[in-house]
Amino acid sequence: MLVDFILTDEQKAIRDAAREFAEKEFPNYAEECDREEKFPFELWKKAAKLGFIGMAIPEEYGGQGMGVLDAGLVIEEFWRVDAGLGMIVATTFGSEQIQMFGNEEQKKKYLPPLAKGEKICCACYTEPQAGSDVAGIKTRADKDGDEYVINGTKMFITNGTIADYYVVLARTDPNPPKRHHGMSVFIVEKDTPGLEARKLTNKLGIRASDTAEVVFKNVRVPKENLIGQEGNGFFQTMIFFNVTRIPVAFQAVGIAQGAFELAFNYAKNRDVFERKLIDFQVTQEKLAKMRTKIEAARLLTLQAAYFQDKMGMPDPALTAMAKYYSAKIAQEVVHEALQIYGGYGFMGEQAISRMYRDARILEIYEGTREIEIEIIGRSLIGKLPSRISAVRKHPLM
Ligand SMILES: Cc1cc2nc3c(=O)[nH]c(=O)nc-3n(C[C@H](O)[C@H](O)[C@H](O)COP(=O)(O)OP(=O)(O)OC[C@H]3O[C@@H](n4cnc5c(N)ncnc54)[C@H](O)[C@@H]3O)c2cc1C
């Protein structure tokens, strides 16, 4: 197998355009949106005009039809400058269920407005008592003639108060043979009676991103809003997470790269003991280790994305490795970067302080660190279909 680690000219152009946009636009919003916990609608619209929203949505539905790797390059560049603002890309989050399992009518209706930056989507899986344990959800969707009636509470939903479309996992069989059976996925449109969203404030990081509790009280949806097959919801959702974890790995690489660059420049300019901070061997060692970790995480993430683009589906273990490792080194890198800033980093006025807070989410959402490790472990003992086994060296071999 030949692996070419050099980006094509087209990929470099995508990366450079994303970098230019983020470096020019993000500083105008970053501090204010973080402080006021405000979603940057204006920035999101600008990004949509340039094709940075709905990147992975197929062209026939108004998107850019990009592969995971190409879209990941944009996400990395956005998170390199600011994580909270980088979440504008997640305004199509949840639409992957429609792309993968929806019917033609649903795709034509829901995907184009998302791709154009006219509508916002959210994905509702987590509940107050069921996060990592998706099979523990209690939200119900009971069939009533040609409709389903949804009742339940979803927690920590990204875009919850600003969304137009809610992709919702609910129980359609209250007594399934196994606890992960009998679930289904629905699209609920904003303004459907009984749907209420409450913004959750005072988050540690990614504060420009909207997070909400979403309550469904006798919310009626037509049976046409079922995505995929009734009863298949858990399995669809597991595939969904395998697909959406790779972008999170790119987020992690991006924030680590951004923190590294800030610390590197700070060390070059900061005078200590009548020398530049970077002239001390201890500082160089810190920066060298940070840079090495980022490169390793980037390669693993690119490999997971490359695999998905090549095979048309993600490898669950490889994806989990990319997210687990990149999220882990992102913590280590922002930690050391803040250390290089000393007291100025701790006092909270610098972008590095925001990055320190923002990075923490990477080990929590879309599968906690522990859940990623569990997935990798299960693949090793053959309990999860994956090309990665204890003996194979590379999933594409
Ligand atoms: C900012 C933010 C945005 C989010 N966006 C969304 C969204 O858009 N849609 C959505 O549905 N959800 C969203 N989530 C929810 C997120 O996916 C969950 O928080 C996450 O899955 C963990 O669930 P939990 O918080 O209930 O923690 P728990 O599942 O209760 O976990 C608590 C701790 O126990 C550990 N643990 C759990 N099970 C095991 C196990 N079997 N073995 C070992 N350790 C275990 C976990 O790793 C963790 O450390 C978001 C969360 C946040 C904070």
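# Chat on a three-domain predicted model

User: Which domains feed the shell around the ligand?
Analyst: Domain 2 (121–230) and domain 3 (235–380) each give at least three residues to the shell around the ligand. Keep in mind that this is a predicted model.

User: Which residues come nearest to the ligand?
Analyst: Gly 131, Ser 132, Thr 158, Thr 368 and Glu 370 come nearest, out of 20 residues around the ligand.

User: And which helices or strands supply at least two residues each?
Analyst: Three elements: strand 1 (121–124), strand 3 (147–158) and helix 13 (369–380).

User: How does the shell split by class?
Analyst: Ten residues are nonpolar, six are polar and four are charged.

User: Back up a step. How is the protein divided?
Analyst: Into domain 1 (9–115), domain 2 (121–230) and domain 3 (235–380).

User: What separates the centres of domain 2 and domain 3?
Analyst: Their centres are 30 Å apart, taken over C-alpha atoms. Nine residues from domain 2 and eight residues from domain 3 make the contact. On the domain 2 side, six of those residues are nonpolar and three are polar, with no charged residue.

User: Backbone next. What is the phi of Phe 156?
Analyst: Near 60°. That is a positive value, and Phe 156 is not a glycine.

User: Why flag that?
Analyst: Most residues other than glycine have a negative phi.

User: Where is Phe 156, and is it buried or partly exposed?
Analyst: Phe 156 sits in strand 3. Phe 156 counts as partly exposed because it has 19 C-beta neighbours inside 10 Å, and 20 or more would make a residue buried.

User: What about Glu 366? What is its phi?
Analyst: About 55°, again positive in a residue that is not a glycine. Glu 366 lies in the loop between helix 12 (351–358) and helix 13.

User: Buried or exposed?
Analyst: Buried. Glu 366 has 24 other C-beta atoms within 10 Å.

User: Switching to helices. What does helix 8 look like?
Analyst: Helix 8 covers residues 233–269, 37 residues in total. Its first and last C-alpha atoms are 54 Å apart, close to the 54 Å expected at 1.5 Å a residue.

User: Where does helix 8 bend?
Analyst: At Thr 244, by about 25°. A proline, Pro 247, follows within four residues.

User: Why call helix 8 largely enclosed?
Analyst: Because 27 of its 37 residues are buried, helix 8 is largely enclosed by the rest of the structure.

User: And helix 10, how many residues there?
Analyst: Helix 10 has 26 residues, 316–341. It reaches 38 Å from first C-alpha to last, close to the 38 Å expected at 1.5 Å a residue. Helix 10 is mostly covered, with 20 of its 26 residues buried.

User: What happens just after helix 10?
Analyst: Gly 342 takes a positive phi of about 60° there.

User: What about helix 4, does its span agree or disagree with the expected one?
Analyst: It agrees. Helix 4 (residues 68–81) has 14 residues, which should span 20 Å at 1.5 Å a residue, and its end C-alpha atoms are 20 Å apart. As for cover, 14 of its 14 residues are buried.

User: Pick one residue in helix 4. What does Ala 71 touch?
Analyst: Ala 71 is in helix 4. It touches Met 55, Ala 56 and Met 66, leaving aside residues up to four places away in sequence. Ala 71 and Ala 56 are 15 residues apart in sequence, with 6.7 Å between their C-alpha atoms. Ala 71 counts as buried, because it has 26 C-beta neighbours inside 10 Å.

User: Now Asp 34. Where is it?
Analyst: In helix 2 (residues 30–36). With 23 C-beta neighbours inside 10 Å, Asp 34 counts as buried.

User: What does Asp 34 touch?
Analyst: Gly 84, Arg 207, Ala 208 and Arg 354, not counting residues up to four places away in sequence. For Lys 203, the C-alpha to C-alpha distance from Asp 34 is 9.8 Å, and the two are 169 residues apart in sequence.

User: Last one: Ala 351. Where is it, and what separates it from Tyr 166?
Analyst: Ala 351 is in helix 12. Its C-alpha atom is separated from that of Tyr 166 by 32 Å, and they are 185 residues apart along the chain. Ala 351 counts as buried, with 20 C-beta neighbours inside 10 Å.

Definitions and conventions. Residues are numbered from 1 along each chain as its sequence is written. This is a predicted model: local features need pLDDT of at least 70, side-chain atom pairs count only at pLDDT 80 or more; totals for chains, interfaces and linings use all residues. Domain bounds come from an automatic or database domain assignment. Two residues are in contact if their C-beta atoms, placed from the backbone, lie within 7 Å. Ala, Val, Leu, Ile, Met, Phe, Trp, Tyr, Cys and Pro count as nonpolar, Asp, Glu, Lys and Arg as charged, and the others, Gly among them, as polar. A residue is near a molecule or strand if its C-beta atom, placed from the backbone, lies within 6 Å of it. A residue is buried if 20 or more other C-beta atoms lie within 10 Å of its own, exposed if 12 or fewer, and partly exposed in between; C-beta atoms are placed from the backbone. The expected span of a helix is 1.5 Å times one less than its number of residues. The bend at a residue is the angle between axes fitted to the seven residues ending there and the seven starting there.
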